[in-house]
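Biologist: I'd like a close look at one part of this model, if you have a minute. Could you take me through it strand by strand?

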Amino acid sequence: MLIRVSPQHPIKPSEITAEAVHADRRQFLARMGLAGAGLALAGCSEAKPPVPPAAGAGPAATSALPALEVGKTSALAGGEKPSSYEDITHYNNYYEFGTDKSDPARNAATLRPRPWTVLIDGECDAPGQLDLDALIKPHALEERIYRLRCVEAWSMVIPWVGVPLADLLKRFKPNSKAKFVQFFSLADAEQMPMIRRGVLPYPYREGLRIDEAMHPLAFMVVGLYGKVLPNQNGAPIRLMAPWKYGFKAAKSIVRIRFTETQPETTWNAIGAAEYGFYGNVNPEVDHPRWSQASERRLGELFRKPTLMFNGYPEVAPLYAGMDLRRYY
Ligand code: MTE
């Protein structure tokens, strides 16, 4: 997945300035169980190859992280057993912290997920720059167990905690010109020294069509296994559109921009033949270098067939009439 290009910086970290902390943040943090959250990743040991999930693996290993107050849970992974917390947090793609799957767990402790500000701008009538807590506070946190299918043909089942993306976006009143939404990850060389290597053009950028972003399955994630999101998984806030390949799920988001035209996205910009803007999971359209017909679920021995839209057929109407070989 490596293509070397020179770095570009459409938005400087310095453009994202800290906002005054909201007066009621304390109470809100307390309610979320986040007071004093420094996200110390006490559980991060030396990375090792993925291991099969042990019986009951998961919540016990998360005890170092603050708990989230989760309302309803939706098991949207066909009843499949979630992958182990160990696999989910030690087999990651987060190039800002290294290109090996074990690098993010080892290196992401330098990320400071608090305080965190997200800028919402572009084609909307109520733009804003909000402290993360102000961004999330109006919404009840839900748990959604989703499949994550990576373009590299491995997959996991992950119990995310977050809020529906549509509910969050609507607050900023996208206008009639808002046809797409672009997401920018943090790009701060102080917190992410490896971005100086220029493996990707940072900040990491992703995008969705507005109707995709407004689909009920699209989710903004702030937690995992009932606890605050670990740094290596994209703390403090990341995207999850479960019918798309994992590269669409931008991590550590600092800016959300409504655009009239299709926005540039990182992987599409550096390798359009391999990574389309849509990035929909499609077993019938192979990656130029490997088949997408099957996948290996982490912790399992045998490959299994990949399902169209990653097994979320309810998104099919979004693409009615589109040639999915062309719009991959
Ligand atoms: N976001 C940023 N900022 N940087 C990245 O390198 N990798 C993407 C996506 N989001 C990436 C990113 C890819 S390729 C995948 S498969 C998923 O994050 C992996 O998410 P996970 O590590 O939580 O499984």
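How many helices and strands does the chain have? And which strands does β5 pair with?

Modeller: Ground rules up front: this is a predicted model, so local features need pLDDT of at least 70 and side-chain atom pairs pLDDT 80 or more, while totals for chains, interfaces and linings use all residues. Residues are numbered from 1 along each chain as its sequence is written, and side-chain values use heavy atoms, leaving out hydrogens and water.

The chain has seven helices and 13 strands, taken as DSSP runs numbered from the N terminus (helices: H or I, at least four residues; strands: E, at least two). Of its 328 residues, 57% are buried, meaning under 20% relative accessible area with a 1.4 Å probe, protein chains only.

Now β5, residues 154–164: 11 of its 11 residues are buried. Strands count as paired if DSSP finds at least two bridges between them. With β4 (residues 142–149), β5 pairs antiparallel over eight bridges. Those two strands make a hairpin with four residues between them, and Ala153 in the turn has a positive phi of about 75°.

β5 also has five bridges to β8 (residues 219–224), again running antiparallel. Trp160 in β5 is a handy landmark: Arg144 stands opposite it, and its bridge partner in β8 is Leu224.

Then there's β12 (residues 294–297), joined to β5 by two bridges and running parallel. There, Ser155 stands opposite Arg297.

When you look at side chains, remember that in a regular strand they alternate between the two faces of the sheet.

Key: Buried means under 20% relative accessible area, exposed over 50%, partly exposed in between (1.4 Å probe, protein chains only).
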